[in-house]
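Open the structure in a viewer and follow the stops below in order. Each stop names something to select and then says what is there.

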Amino acid sequence: QDQLKSVEQVQATYYAFAAILEGGSVVTWGHPGEGGDSSAVQDQLKSVRQVQATGSAFAAILEDGSVVTWGNPDRGADSSAVQDQLKSVRQ
C-alpha cells in the first residue's frame, strides 16, 4: 500500500492490476500468472508513459517508444517474436 502513492494511471487484466506512478515506475499486484507479477521485467519498467491491458497481459509503452510486456505468455504477454517491430511506438 505504501507504494501506491502519486498514481497516474491504473490498468487491469481480469485478475491483476498495474499502476504507473509519478516518475514512470510501475507497481503490479494480483494473480501472478495474469500480470500481477512483473518481477521478470521490473528492471525495464522505467520511464513508462502508458500501460495497456488484455484479459491476461500488460504492455507498457516507454518514453523511448519501446514496449515491455508481461503476464500470461500464452495470452499475449510474449512479444519476443515482434520485439524488433516495437520501436518508436506511440499511443
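Start by selecting Glu8, a residue of strand S1. The model on screen is a predicted one. Is Glu8 buried or exposed? Its relative accessible area is 56%, and exposed means over 50%, so Glu8 is exposed.

Keep Glu8 selected and add Glu22. These two residues are separated by 14 positions in the sequence, and their C-alpha atoms lie 6.1 Å apart. Now show what touches Glu8, leaving out neighbours within four places in sequence. The contacts of Glu8 are then Ile20, Leu21, Glu22 and Gly23.

Next, go back towards the start of the chain and select Gln3. This residue sits in the segment before strand S1, which covers residues 7–12. With a relative accessible area of 54%, Gln3 is exposed. Which residues does Gln3 contact once its neighbours within four places in sequence are set aside? They are Leu21 and Val27. Leu21 has also appeared among the contacts of Glu8. Draw a distance from Gln3 to Val27: their C-alpha atoms are 7.3 Å apart, with these positions 24 residues apart along the chain.

The next stop is a pair of rings. Across the whole structure, a search finds three aromatic pairs. One of them is formed by Phe17 and Trp29: the ring centres are 5.3 Å apart and the planes meet at 20 degrees, so this pair is stacked. Select both residues and colour their strands. Phe17 belongs to strand S2 (residues 16–21) and Trp29 to strand S3 (residues 26–30), so that the pair links distant parts of the chain, twelve residues apart. How much of each residue is accessible? Phe17 is partly exposed, at a relative accessible area of 38%. Trp29 also counts as partly exposed, at 32%.

Now turn to the backbone. Most residues other than glycine have a negative phi. Select Ser47, which is not a glycine and yet has a positive phi of about 55 degrees. Ser47 is in the loop that runs between S3 and strand S4 (48–53). Its relative accessible area is 39%, which makes Ser47 partly exposed.

Move on to Ser88. Here too phi is positive, at about 55 degrees, in a residue that is not a glycine. Where does Ser88 lie? It is in the segment after strand S6 (67–71). Ser88 is exposed, with a relative accessible area of 61%.

Finally, clear the selection and show the whole chain as a cartoon. There are six strands and zero helices, in the order β-β-β-β-β-β along the sequence. The radius of gyration is 12 Å, close to the 12 Å from the globule rule for 91 residues, so the chain is as compact as a globular protein of that length. Along the principal axes, the C-alpha atoms fill a box of roughly 35 × 25 × 20 Å.

Switch to a surface view. The accessible surface of the chain is about 5500 Å², and carbon and sulfur atoms hold 46% of that. Of the 91 residues, 40% are buried. Among contacts with a separation of 6 or more, 32% join residues 24 or more positions apart. As a last step, colour by charge: the chain has 6 positive and 11 negative charges, and the mean positions of the two sets are 5 Å apart.

Terms used. Residues numbered from 1 in each chain as written. Predicted model: local features only at pLDDT ≥ 70, side-chain atom pairs only at ≥ 80, totals over all residues. Heavy atoms only, no water. Helix = DSSP H or I, 4+ residues; strand = E, 2+ residues; numbered from the N terminus. Rg over C-alpha atoms; globule rule 2.2 N^0.38 Å. Buried < 20%, exposed > 50% of the residue type's maximum accessible area, 1.4 Å probe, protein only. Contact = heavy atoms within 4.5 Å. Areas by Shrake-Rupley, 256 points an atom, 1.4 Å probe, with all protein chains shown as cover. Lys, Arg positive; Asp, Glu negative; His and termini not counted. Charge placed at Lys NZ, Arg CZ, Asp CG, Glu CD. Phe/Tyr/Trp six-rings, centres within 6.5 Å; stacked < 30°, edge-to-face > 60°.
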